[in-house]
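Morning, everyone. I have one structure to go through today, and I will take it part by part. Please have it open on your screens.

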Amino acid sequence: MITGITGQDGGYLAKFLLDKGYRVIGLYRRGATDTFSKLKEHGILDKIELEDFELLEFSNICRLIKKYKPDEFYNLAAQSFVAASWQEPIYTAQADGMGVLYILEAIREFSPKTKFYQASTSEMFGKVQEIPQKETTPFYPRSPYGCAKLFAHWISVNYRESFGIFACCGILFNHESPMRGKEFVTRKITDHLAKLKLNLVQKPLELGNLNAKRDWGHALDYVEGMWLMLQQEKPDTYVLSTGETHPIRDFVQEAARACGFDIIWQGDGIDEIGIDRNTNKTIVKVNPKFFRPAEVELLVGDPSKAQEILGWKRKISYKELCRLMVEEDIKRYESKLSDYMGVMVEAGK
Ligand code: NAP
Ligand code: GDP
């Protein structure tokens, strides 16, 4: 059973489990738009059993857990965008914090043998107290999202220790993919670069803090780590990360290089711009609108425990990730363009 089946990780995890022969129950919330676009792109929509689910609706959580008594329950659903958590702090706390307690209570009551995975996050390290961050590093969250996830993390540990629930927490560092939401910085970058490349936009990409550093891996590698956690004899907490960190500016540069731009940087602070050396065109500029009330300046994780105990290792490199993401966005726009041209030809225009 997977909550957040329509999100980035939900799709990759479902595909991973289906390939292993699992029966997958995907929990989603109703939406007015195409909720299942990622599952369709993965080609697995018809292989998943879908059920309505809302993190804040205790009754439906109980009903679903009682009905299926799942062997493994992956809780991936969350209001996952840090920046939005300052706009919706109360909702974020309820969904990302209390929602997890609802699930744990339902498991405790109706299916205590279910193995539970909680999507904890490196955002809990926030203003980092140690470099690199590992399972024992003290937490210092810097956003309502980080605070809510910290409650969820500790309540999962607490249910493990109090009631013997097989609750695992994966403290995952940023992981991205062509399926990442466009509000997150990596996908915002690759989507805009693809449009610039195909001349679908002329305006530069506007970003906030270019100096923040993140430890970025590929979601495909990380869902394997989630599964490995639930295959161990004992439940535990593990960091999944690459051990490398790069500033946002570097991701822009690398993704731009992968689609033929050669960026040189000029100016400082809010006046910094990135110019394509070949065309002299401004590709990137800073817009303070995207600065955050409190920033997580540096994340870099130590994945040694997961490597040693789970035998987990990321396979996709940072450079490959940048290239894969930008290439996929270019392909998507090219295919939309060719559909559009086809329609125009058919219409005789
Ligand atoms: P995502 O793409 O934003 O997906 C979030 C999922 O949660 C979506 O399916 C969303 O449904 C669902 N959801 C949100 N609020 C809900 C609610 N109230 N009730 C039911 N479903 C709800 O996130 P992701 O990148 O796959 O991340 C998966 C999990 O890992 C999240 O918990 C995230 O916080 C955590 N995490 C992610 C990263 C990362 O770098 N990706 C790192 C550490 C931890 P809709 O499609 O309807 O919006
Ligand atoms: P997060 O690490 O979960 O907050 O993932 P994001 O991809 O949303 O943000 C990563 C970092 O990129 C943060 O330090 C942001 O401040 C920084 N950043 C800089 N410009 C932008 C932007 O335009 N959008 C987003 N989402 N983040 C930005």
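I will start with the domains, go on to the two ligands, and end with some local backbone features.

First, a caveat: what you see is a predicted model.

The protein chain is divided into two domains, and neither is a single stretch of sequence. Domain 1 takes in 2–177 plus 216–240. Domain 2 is put together from 185–212, 246–289 and 316–345. Their C-alpha centres lie 30 Å apart. As for the contact between them, eight residues come from domain 1 and 14 residues from domain 2.

Now ligand 2. Where does ligand 2 lie with respect to domain 1 and domain 2? Ligand 2 lies between them, because both domains give residues to its shell. There are 17 residues around this ligand, and the closest are K188, G208, R214, R292 and E295. By type, the shell divides into eight nonpolar, three polar and six charged residues.

Let me give some polar contacts for ligand 2. With N174, the contact is through the side chain: a polar atom there lies 2.9 Å from an oxygen atom of the ligand. With V185, the backbone is used, and a polar atom of it is 2.8 Å from an oxygen atom of ligand 2. G208, which is also on the list of closest residues, has a polar backbone atom 2.8 Å from a nitrogen atom of ligand 2. How much of the accessible area of ligand 2 does the protein cover? On its own the ligand has 520 Å², and the protein covers 97% of that.

Next, ligand 1. Which residues come nearest to ligand 1? The shell has 24 residues, and the nearest are T6, D9, S80, Y91 and Y145. Sorted by type, the shell holds 10 nonpolar, nine polar and five charged residues.

For ligand 1 I have three backbone contacts to show, each with an oxygen atom of the ligand. In D9, a polar backbone atom is 2.8 Å from such an oxygen. For A78, a backbone N or O atom lies at 3.2 Å, and for G4 the distance is 3.4 Å. Ligand 1 has 900 Å² of accessible area on its own, of which the protein covers 88%. The elements that give two or more residues to this shell are α1 (8–19), β5 and α5. The largest share, three residues, comes from β5.

That leaves the backbone. Most residues other than glycine have a negative phi, and most peptide bonds are trans. This model has exceptions to show you. The peptide bond from I131 to P132 is cis, with omega near -10°. P132 is found in the loop between β5 (115–121) and α5 (144–163); those two elements also give residues to the shell of ligand 1. The other case is K69, where phi is near 40°. K69 is in the loop between α3 (58–68) and β4 (72–75).

Last, a hairpin. Strands β13 (residues 263–266) and β14 (residues 273–276) run antiparallel and are joined by four bridges. What is the bridge partner of I264 in β14? I264 is partnered by I275. Six residues sit between the two strands, and in that turn G267 has a positive phi of about 80°.

That is what I have; questions are welcome.

Methods. Residues are numbered from 1 along each chain as its sequence is written. Chains are lettered from A and ligands numbered from 1 in the order in which they are written. This is a predicted model: local features need pLDDT of at least 70, side-chain atom pairs count only at pLDDT 80 or more; totals for chains, interfaces and linings use all residues. Side-chain values use heavy atoms; hydrogens and water are left out. Two strands pair if DSSP finds at least two bridges between them. A residue is near a molecule or strand if one of its heavy atoms lies within 4 Å of it. A polar contact is a pair of N or O atoms within 3.5 Å; within protein, one must be able to donate a hydrogen and the other to accept it, and residues adjacent in sequence count only if both atoms are side-chain atoms. Accessible areas come from the Shrake-Rupley method with a 1.4 Å probe; for residues, only the protein chains shown count as cover. Ala, Val, Leu, Ile, Met, Phe, Trp, Tyr, Cys and Pro count as nonpolar, Asp, Glu, Lys and Arg as charged, and the others, Gly among them, as polar. Domain bounds come from an automatic or database domain assignment. Contact means heavy atoms within 4.5 Å.
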